[in-house]
Amino acid sequence: MGSLPVLSSSSECAPDAHVPHHVKVTVAASDLAPLFAAQRRHLDHFFDRLDLTQAAAFAQALLDAPGAVFFTGVGKSGIVALKLAQTLASLGFARAGFLSPVDALHGDIGSLFPGDLLVLLSKSGASDELLALAPCARAKGAHLISLTSAASGADCPLAAACDLNVHLPLQGEVCPFGLAPVTSTAIQMVFGDTVVAAIMEARRLTRDQYASNHPAGKIGKTLIFKVKDVMKKQNELPLCKEGDMIMDQLTELTSKGCGCLLVVDDEYHLIGTFTDGDLRRTLKASGPAIFNLTVGEMCNRNPRTITADAMAVEAMEKMESPPSPVQFLPVVDHKNIVSGIITLHGLVSAGL
């Protein structure tokens with residue numbers, strides 16, 4: 001791919017000699033500090049010199065693309081291109097994908113149609129594979145945009161082959177030789193992801209829209225799952241009446257796997273809760289007198305509750321909130337009628 005000129009500094013110089021593989025080497029905090037400082041300087045250089053007019057033109061091109069948006073690149077730039085394509089696709093605003101420059105020249109360019117947008121990432125702006133792809137993509141009627149760290153001109157032939165070039169200013173690579181793309185790829189990623197964030201804001205993307213494209217994994221479960229999707233209900237509920245004797249409800253307390261009883265009236269209005277912790281405290285305080293106590297006498301009549309349509313993640317936050325965490329929440333409707341129970345174990349089992 002080529003590279004930009006190497007900037008010499010004491011913290012980025014090449015090692016004096018190769019260390020044999022069998023020799024144990026270490027990396028100390030003192031070794032990392034100057035490298036992170038150098039990376040910060042390089043990133044600051046990028047932020048200070050980025051042409052926001054070019055960045056805005058790129059963002060607008062993504063927003064206005066009448067067809068699909070493809071990203072391409074070679075080597076590490078190709079990996080960044082793949083990531084950006086997947087991120088844009090996850091928003092659901094446009095069809096987006098990665099086009100391998102090599103495979104494109106052997107048939108995959110057939111996926112390009114007139115009006116599609118092809119974004120080419122290259123540190124040097126002189127990658128042979130991209131220079132070969134550009135005229136072929138243009139012949140298919142695609143609009144071309146290059147993202148390069150080489151400024152437009154004789155040293156960046158890719159820019160001349162595209163409709164728009166966005167210059168990503170690069171001071172140097174944090175690499176002993178100034179060659180490995182350890183800073184240029186970071187800049188590509190930061191730039192691309194920030195533009196994607198701008199598109200999300202411009203399109204007024206909602207949480208529900210975002211969630212619709214992330215049905216699996218913790219992101220999707222956090223945004224999609226509601227209490228009613230993971231709560232226990234009907235025969236799974238540990239129910240009792242306030243007049244029931246505590247000792248008569250031990251089976252109900254322990255068999256439903258909730259660690260509690262939901263105390264209800266004849267119409268299933270929630271009166272309170274009685275937990276296995278309440279049982280231990282009552283037994284310690286009352287001794288044999290526990291045999292004469294009803295659940296209603298010892299239950300908590302002001303428990304935390306939640307509705308079935310609330311987000312499951314909200315239930316977890318409510319369980320963990322002060323003054324002390326709880327392991328479950330009764331699920332009630334607007335009339336305080338019990339429809340279920342959600343437990344911390346159930347939330348964790350669901351991947352939340």
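## Exercises on a predicted model

The sulfur of Cys 299 has its closest cysteine sulfur in Cys 240, 7.9 Å away, too far for a bond. The model is predicted. The exercises start from this cysteine pair.

### Exercise 1: The cysteines

Find how many disulfides the whole structure has, and explain why Cys 240 forms no bond with its closest cysteine.

Solution.
- Step 1. Take the sulfur of Cys 240: the closest cysteine sulfur belongs to Cys 299, at 7.9 Å.
- Step 2. Apply the cut-off: a disulfide needs the two sulfur atoms within 2.5 Å. Cys 240 is therefore too far from Cys 299 for a bond.
- Step 3. Widen the search to the whole structure: zero disulfides are found.
- Step 4. Check the surroundings. Cys 240 is buried, at 3% relative accessible area. Cys 299 is also buried, at 11%.

### Exercise 2: The five-stranded sheet

State the strand order of the five-stranded open sheet, and say which strands lie at its edges.

Solution.
- Step 1. Read across the sheet: the order is β2-β1-β3-β4-β5, and the pairing is parallel.
- Step 2. Look for strands that pair on one side only: these are β2 (96–98) and β5 (164–167), the edge strands.
- Step 3. Add the twist, which averages 20° from one strand to the next.
- Step 4. Inspect the pairs. β1 and β2 are joined by three bridges, and Phe 71 stands opposite Phe 98 in β2. β4 and β5 are joined by four bridges. Here Leu 147 has Val 166 in β5 as its bridge partner.
- Step 5. Place a helix: α2 packs on the sheet and touches β1, β3, β4 and β5. The direction of α2 makes about 130° with that of β5.

### Exercise 3: Strand β1

Decide whether β1 is enclosed or open to the outside, and sort its residues by the way they point.

Solution.
- Step 1. Count the buried residues: five of the five in β1 are buried, so this strand is largely enclosed by the rest of the structure.
- Step 2. Sort them. Val 69, Phe 71 and Gly 73 point one way, while Phe 70 and Thr 72 point the other.
- Step 3. Compare with the rule: in a regular strand, side chains alternate between the two faces of the sheet.

### Exercise 4: The nonpolar cores

Name the residues with the most contacts inside the largest nonpolar core, and trace which elements build that core.

Solution.
- Step 1. Start with the size: the largest core has 31 residues. Phe 58, Leu 62, Phe 71, Val 119, Leu 147 and Phe 191 have the most contacts inside it.
- Step 2. Trace the elements. Those giving two or more residues are α2 (52–64), β1 (69–73), α3 (76–91), β3 (117–122), β4 (143–148) and α7 (184–202).
- Step 3. Look beyond this core: a second, separate one has 17 residues, including Ala 68, Leu 99, Leu 112 and Leu 118.
- Step 4. Zoom in on Phe 191. Leaving out residues up to four places away in sequence, Phe 191 touches Phe 46, Leu 50, Ala 55, Phe 58, Leu 147, Val 166 and Leu 168.

### Exercise 5: Helix α3

Compare the span of α3 with the expected one, then find what its buried residues pack against.

Solution.
- Step 1. Take the length: α3 has 16 residues and reaches 24 Å from its first C-alpha to its last.
- Step 2. Compare: at 1.5 Å a residue, 22 Å is expected, and the span of α3 is close to that.
- Step 3. Pick out buried residues, among them Val 80, Ala 81, Leu 84 and Leu 88.
- Step 4. Find the partners: the buried residues of α3 pack against α2, β1, β2, β3, α7 and α8 (207–212).
- Step 5. Step past the end. Gly 92 follows α3, with a positive phi near 80°.

### Exercise 6: The three-stranded sheet

Describe the order and pairing of the three-stranded open sheet, then locate Thr 275 and its contacts.

Solution.
- Step 1. The order is β6-β7-β8, with mixed pairing.
- Step 2. β6 (239–241) and β8 each have a single partner strand, so one side of each lacks a neighbour in the sheet.
- Step 3. The twist averages 35° from one strand to the next.
- Step 4. Three bridges join β6 to β7 (260–264), and these two run parallel. Lys 241 stands opposite Val 264 in β7.
- Step 5. Thr 275 lies in β8 (270–275) and is buried, at 15% relative accessible area.
- Step 6. Leaving aside neighbours within four places in sequence, Thr 275 is in contact with Leu 253, Gly 259, Cys 260, Arg 281 and Phe 328.

Note on methods
Residues numbered from 1 in each chain as written. Predicted model: local features only at pLDDT ≥ 70, side-chain atom pairs only at ≥ 80, totals over all residues. Heavy atoms only, no water. Core = buried A, V, L, I, M, F, W, Y, C linked by side-chain atoms within 4.5 Å. Buried < 20%, exposed > 50% of the residue type's maximum accessible area, 1.4 Å probe, protein only. Contact = heavy atoms within 4.5 Å. Pairing = 2+ DSSP bridges. Axes fitted to C-alpha atoms, helices over the stretch in contact; angles between N-to-C directions. Expected span 1.5 Å × (residues − 1).
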